[in-house]
Amino acid sequence: MTTATEVKTATRQEKDSLGYKDVPADVYYGIQTLRGKENFPISGLTVCQMMPEQIRAFGWIKKATAKTNMELGLLDKSDAAHNKAIGEALMKAADEMIAGKFNDQFVVDVYQGGTGTSNHMNANEVLANRATELLGGKLGEYKVHPNDHANYGQSTNDVTPTVMRLTFLSMHGPLIESLQTFEKVLRQKSVEFKSVLIPGRTHMQDAVPLTLGQQFGAYAQAIEDAIENVEHASKRLHFIGLGASALGTGLNTHPQYREVVTKNLSVISGFPLLQAKDYFQATSSFGLFGDYSAALRSVALELEKIAHDIKLYSMGPRTGLAEISIPDWQPGSSIMPGKVNPIYPELMDQLSYIVQGNDHTISLAVQNGQLQLNVMMPTILLKMTESMRILTNALPVFAEKLIAGIQANQEIAQYRLENSAQMVTALNPIIGYEQAAQVAKKVNKEGKSVPDAVVELGIKDHAGNLLTKESLAAILSPEAMTEPPKA
């Protein structure tokens, strides 16, 4: 009797330049993908799990290359009908790949050597096997060949950098939308809080006041500037080096290939793509990815600043600043009843650290492109994709569940203002620095409010007029202290 452990999965035998291997009979990938899967048992995370956008980008590219090679008569130079049949089968298979039908067939670990050749051959083998099926053949029979047909005129060295550009472009639009949503809610809070006066603080010490609206306006402008950085960095992603072949020379490509494949890929992907200005640079220099990652880092830095401020402004709520309140979403302690933690500012910090760390990793990968090729493509793809995804997904959550629900605790802020010696700074032009210093000393020593201290000291303005609480009210109004004088 055969036990469960003795049951063997049906296999088919495939051959490559290194020899023979048994491949599971029912999979669309082939021997080179299997080698990659076996060679890199690193994280247990596959391309399918972590980067479905990359698989779709392969589909776009392979559809464009099949269409181009078919139009140029390159898939079978001796038989026009067969040339067309192979091209149409590959294009149909690519459409299925674009739709996500073969995502589960991308089984190589995300951490891998070889510039992503395992992933590229994974795409070639899946498409070749599916195209073979469409032409009436069996899996592993390769009537349509992974190298001779699916990869005709191509190299991992020009395909994968194009995959990277298309992956990031496809994620760019949703990222910008999320950033704009976040900025919009910050601007709404800026308007809502335009008349809420709060103490300013520099060096973590009391300073002159501002409005809470002005502070949220600063946050919104910071995000707007960060959006501008990301948009600017995305422009270079539109220049693709497809047709560079191995190094940039265009070896094994048709004279018209670069122009035609760029046009075809633009139509298929929906992005306005342009030919690389220098095809050698396109395979060896990845500074554009470093620039885009740096723009994402700028977003992360601004988020971290906002998160830190929100935690400080809301800390307490009884023993800290507590000048704002943030929404309560879940109990914060397993031992302290009623405690609620600032979970979303905490998450903002952590995601910021991840993006900054990814940027450092990407920077190292970008600078280590030796001679004619940068081989660090899998890492750049993985880390950039992670940064873009977490920012895209998190920003609307922060906007809805954190920023939109912030409330101002005006009574607490007003009490602090009235007892802040730095309110006296607004009196400098009226009574001079020396008298203002006397007022500040009395406020700090005796706990008086600024108006009370001025009146008790009998302070006069430069014209000799005795200051009263009524006259001080105009001088110390929110408008007078938080805006430049009107002409």
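In which sense do strand 1 and strand 2 pair, and over how many bridges? The close-up views below start with that pair and then move on through this predicted model.

**View 1. Strand 1 and strand 2 form a hairpin.** Strand 1 (residues 11-16) and strand 2 (residues 19-24) pair in the antiparallel sense, and six bridges join them. Two residues lie between the two strands. To find one of the bridges, look for Asp-16, whose bridge partner in strand 2 is Gly-19. Strand 1 also has two faces to compare: Arg-12, Glu-14 and Asp-16 make up the covered face, while Thr-11, Gln-13 and Lys-15 make up the uncovered one. Lys-15 has a ring beneath it, as it lies over the face of Tyr-20 at 5.8 Å from the ring centre.

**View 2. Helix 3 and helix 4 cross each other.** Here the view turns to two helices, helix 3 (residues 52-71) and helix 4 (80-98). Their axes come within 8 Å and cross at roughly 165°. How do the two helices run relative to each other, roughly parallel or roughly antiparallel? Angles over 145 degrees count as roughly antiparallel, so helix 3 and helix 4 are roughly antiparallel to each other. The crossing of helix 3 past helix 4 is left-handed.

**View 3. Phe-58 and Phe-106 form a stacked aromatic pair.** A search of the whole structure finds eight aromatic pairs. One of them joins Phe-58 and Phe-106, with the ring centres 6.5 Å apart and 25° between the planes. This pair links distant parts of the chain: Phe-58 belongs to helix 3, whereas Phe-106 sits in the loop between helix 4 and helix 5 (117-134), 48 residues apart. Both Phe-58 and Phe-106 are buried.

**View 4. Phe-168 and Phe-289 meet edge-to-face.** In this aromatic pair the centres are 5.6 Å apart, and the planes make an angle of 80°. Again the pair links distant parts of the chain, with Phe-168 in helix 7 (residues 156-192) and Phe-289 in helix 11 (residues 287-314), 121 residues apart. Phe-168 is buried, as is Phe-289. Add Phe-286 to the view and you can see a cluster, since ring pairs link Phe-168, Phe-286 and Phe-289.

**View 5. A charged end sits over the ring of Trp-329.** The charge belongs to Lys-401. Its distance from the centre of the Trp-329 ring is 5.0 Å.

**View 6. The loop between helix 11 and strand 7 holds Pro-317 and Ala-322.** Strand 7 covers residues 324-325. A cis peptide bond joins Gly-316 to Pro-317, with omega at about 0°. Ala-322 has a positive phi of about 50°, although this residue is not a glycine. Is Ala-322 buried or exposed? Ala-322 counts as buried because its relative accessibility is 3%, and the cut-off for buried is under 20%.

**View 7. His-203 has a positive phi without being a glycine.** The phi of His-203 is about 60°. You will find His-203 in the loop between strand 3 (197-202) and strand 4 (205-211). With a relative accessible area of 75%, His-203 is exposed, whereas Ala-322 from the view before is buried.

Conventions
Residues are numbered from 1 along each chain as its sequence is written. This is a predicted model: local features need pLDDT of at least 70, side-chain atom pairs count only at pLDDT 80 or more; totals for chains, interfaces and linings use all residues. Side-chain values use heavy atoms; hydrogens and water are left out. Rings of Phe, Tyr and Trp (its six-membered ring) pair if their centres lie within 6.5 Å; planes under 30 degrees apart count as stacked, over 60 as edge-to-face and the rest as tilted. Helices (H or I, at least four residues) and strands (E, at least two) are DSSP runs, numbered from the N terminus. Buried means under 20% relative accessible area, exposed over 50%, partly exposed in between (1.4 Å probe, protein chains only). A charge sits over a ring if NZ of Lys or CZ of Arg is within 6 Å of the ring centre and within 35 degrees of the ring normal. Two strands pair if DSSP finds at least two bridges between them. Axes are lines fitted to C-alpha atoms, for helices over the stretch in contact, and angles run from 0 to 180 degrees between N-to-C directions. Angles under 35 degrees count as roughly parallel, over 145 as roughly antiparallel, 65 to 115 as roughly perpendicular and the rest as oblique. A crossing is left-handed if the near helix is turned anticlockwise from the far one by less than a right angle, and right-handed if clockwise.
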